[in-house]
Amino acid sequence: MTIDDELGAGHTAVTAEPDRAGGLVVADVLGFGEIRSGGPEILSGNERLDRPVRWIHIADAPEVERFLEGGELVLTTAQTFRRSAPAMAQFLDQLEHAGAAGVVVELVNDDSTSDDAAATVLRAAAADRSLPVICLRRRVKFVRITELAHRALLGQQLGRLERAREIHETYTQLSLERAEVGVIVARTAALLGAPVILEDVGHRVLAHAGDGSETLAAQWRDLVVETGAGRAETGDRAESGDRLGASSSALAGHLGVDRRWHSVPVGLRARRWGRLVVPGITHAAVPDVEQIVERAAQALTLTRMAERDERDLVLQAQSGFVREILDARHVDEDEVRVRARSLGFDPPARARLVPVVVRIDHDPAADPTRIQLWERAVIAEVTEATAQADIAAVSAQLQSGSFGLILALPGRRDETKVLDRVFSAMPDLDVMWTVGVGRSDVSLIAAIGRLPTAAQVAEVASTLEVREQLFYRSADVRLRGLLAVLGEDSRLRAFAEGELGPLLDGDDEMLDFLDLVLTHGGNKSALARAGFLSRPALYARLAKLEERLGVSLDDAESRTALHVALLWWRMHAR
């Protein structure tokens with residue numbers, strides 16, 4: 001089959017980047033003028049010409065599989081094996097096994113005449129294969145084909161990067177500006193070039209935008225609810241390919257939308273309040289549709305939280321108040337309480353004031369928008385929990401991913417029981433957090449001044465391998481907390497290196513054995529059981545460890561020094 005038969009006689013030669021949203025495919029490359037000048041004939045795989053082309057690879061050796069990663073369109077003259085039927089079949093087998101997109105074989109003699117004998121060999125080897133095999137009977141310039149294809153591929157990559165930047169900047173700006181719901185939906189429809197519907201959990205249309213969205217909104221209940229097409233979402237990512245029911249499919253066709261749609265739930269996991277739906281669009285038309293609707297859903301979630309939480313301004317004012325107290329050197333307790341009263345925090349005179357810091361667990365490279373979503377959600381839930389427990393509280397954003405509170409416990413209420421009640425009432429928000437608690441005081445100034453200590457406790461507790469408590473105090477992190485406060489002190493490093501020096505040459509196995517010895521306090525029976533060691537083997541390893549360290553592990557002071565050194569080393573030096 002000739003290329004014109006497959007692509008159509010009216011198909012024009014491609015000389016620039018193909019206008020295809022889904023990326024470069026084999027058919028695009030076959031449309032290059034340089035390919036067409038070689039008189040291409042499709043020998044097999046004509047139904048697979050829509051395979052994406054990741055790169056162009058030129059190969060003339062029969063052993064080609066080890067050079068491929070999948071998705072390459074291979075160009076070859078098969079000069080060294082074109083007359084051998086087994087070698088040609090093996091060559092095509094390797095391409096199929098490596099996942100190549102296809103192969104273009106130029107079969108031309110040195111005198112520029114067609115090599116008919118080799119063409120017969122290739123045709124036989126290509127028979128009944130799904131791999132696109134294209135034979136060229138006239139000489140072409142492989143370098144020109146490679147240049148055109150790579151230019152198209154790089155252009156598409158740059159286009160995708162630019163598109164991703166546009167999407168990121170669009171929704172970041174909308175979030176910063178706290179844009180209204182209608183504005184976010186309209187911008188999403190403009191980016192997608194398709195109608196967009198925002199519905200609530202009852203499938204009522206909250207907002208719509210884009211060509212045809214008004215008609216869709218008018219028919220939404222018939223399209224979704226009565227036909228059973230609007231099933232609830234449970235995942236966090238956009239669901240592509242929600243299928244419409246039979247009757248809704250007919251209605252969708254009448255309204256001019258595709259049978260499949262993309263949708264994403266809106267709101268945090270424990271508080272879903274809607275769904276953003278993009279009917280009538282395909283991934284091939286807009287490859288980044290999932291990215292767009294996910295970012296739109298994040299922006300809508302932030303907007304809804306800002307609209308719903310009228311305490312945002314109070315939180316900002318309270319944060320400024322707390323930071324001012326932390327930075328001030330000389331402040332008066334009575335004046336501070338007057339200021340706090342004006343911000344809605346008026347605890348009884350002798351109430352115990354408990355400093356608390358909540359730290360959101362997140363990767364340092366996490367998206368700031370997602371961290372902000374988590375932080376807002378946790379602040380809202382903690383505030384709600386304190387209100388339910390009838391506890392006055394002042395809140396303050398300390399830094400990205402953490403915030404502090406001063407909880408006022410009137411009378412003789414048990415501090416631990418109150419904290420248990422508050423933090424056990426927190427719902428699952430699909431994010432981990434750690435709570436650090438400082439020492440309480442009747443002085444508001446003193447309690448605020450202990451927020452940094454509570455923050456340090458939260459930070460240290462977040463590094464624990466097992467976290468079973470709802471909150472942590474300094475006594476819970478103990479020596480680890482002290483070492484965290486001292487941090488990268490050069491004297492501590494020198495101490496740790498002096499104690500552990502003989503084991504710091506990459507001998508992790510001996511360090512782990514030392515950790516096991518210290519964990520069991522030198523108890524040899526417990527140590528043998530924990531390490532699955534016989535008595536002779538245990539004594540031999542202990543003797544070797546003591547020899548390496550130059551100390552006796554029976555000495556309590558030596559074990560203490562080694563314990564401190566090892567704990568600091570594993571917290572800071574790794």
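Across residues 227-259, pLDDT stays under 50, and the model has 75 contacts beyond four places in sequence for this stretch. Another such stretch covers residues 8-21, where pLDDT also stays under 50 and the model has 26 contacts beyond four places in sequence. These values belong to a predicted model, in which the protein chain averages a pLDDT of 79 and 84% of the residues score at least 70.

A suitable place to begin the tour is an open sheet, formed by 5 strands in the order 1-5-4-3-2 with mixed pairing. Its edges are strand 1 (41-44) and strand 2 (55-58), each of which pairs on one side only. From one strand to the next, the twist averages 25°.

Within this sheet, strand 4 (residues 102-106) and strand 5 (residues 133-136) run parallel and are joined by 4 bridges. Valine 105 stands opposite cysteine 135 of strand 5. In a regular strand, side chains alternate between the two faces of the sheet. Helix 6 (residues 142-176) lies across strand 2, strand 3 (72-76) and strand 4, and runs at about 160° to strand 2.

The next feature concerns aromatic rings, of which the structure holds 1 pair. The partners are phenylalanine 81 and phenylalanine 91, whose ring centres are 4.8 Å apart; their planes stand at 40°, so the pair is tilted. Phenylalanine 81 lies in the loop between strand 3 and helix 4 (85-98), whereas phenylalanine 91 belongs to helix 4, so the pair ties together parts that are 10 residues apart in sequence. With a relative accessible area of 3%, phenylalanine 81 is buried. Phenylalanine 91 is likewise buried, with a relative accessible area of 1%. The cut-off behind both assignments is a relative accessible area under 20%.

Further along the chain, strand 12 (residues 392-399) and strand 13 (residues 402-409) run antiparallel and are joined by 7 bridges. Alanine 392 has alanine 408 in strand 13 as its bridge partner. The two strands, 12 and 13, form a hairpin with 2 residues between them. In the turn of that hairpin, glycine 401 has a positive phi of about 95°.

The last feature brings a charge and a ring together. The charged end of arginine 541 sits over the ring of phenylalanine 513, at 4.4 Å from the ring centre.

Note on methods: Residues are numbered from 1 along each chain as its sequence is written. This is a predicted model: local features need pLDDT of at least 70, side-chain atom pairs count only at pLDDT 80 or more; totals for chains, interfaces and linings use all residues. Side-chain values use heavy atoms; hydrogens and water are left out. Two strands pair if DSSP finds at least two bridges between them. Axes are lines fitted to C-alpha atoms, for helices over the stretch in contact, and angles run from 0 to 180 degrees between N-to-C directions. Contact means heavy atoms within 4.5 Å. pLDDT is the predictor's confidence in each residue, from 0 to 100. Rings of Phe, Tyr and Trp (its six-membered ring) pair if their centres lie within 6.5 Å; planes under 30 degrees apart count as stacked, over 60 as edge-to-face and the rest as tilted. Buried means under 20% relative accessible area, exposed over 50%, partly exposed in between (1.4 Å probe, protein chains only). A charge sits over a ring if NZ of Lys or CZ of Arg is within 6 Å of the ring centre and within 35 degrees of the ring normal.
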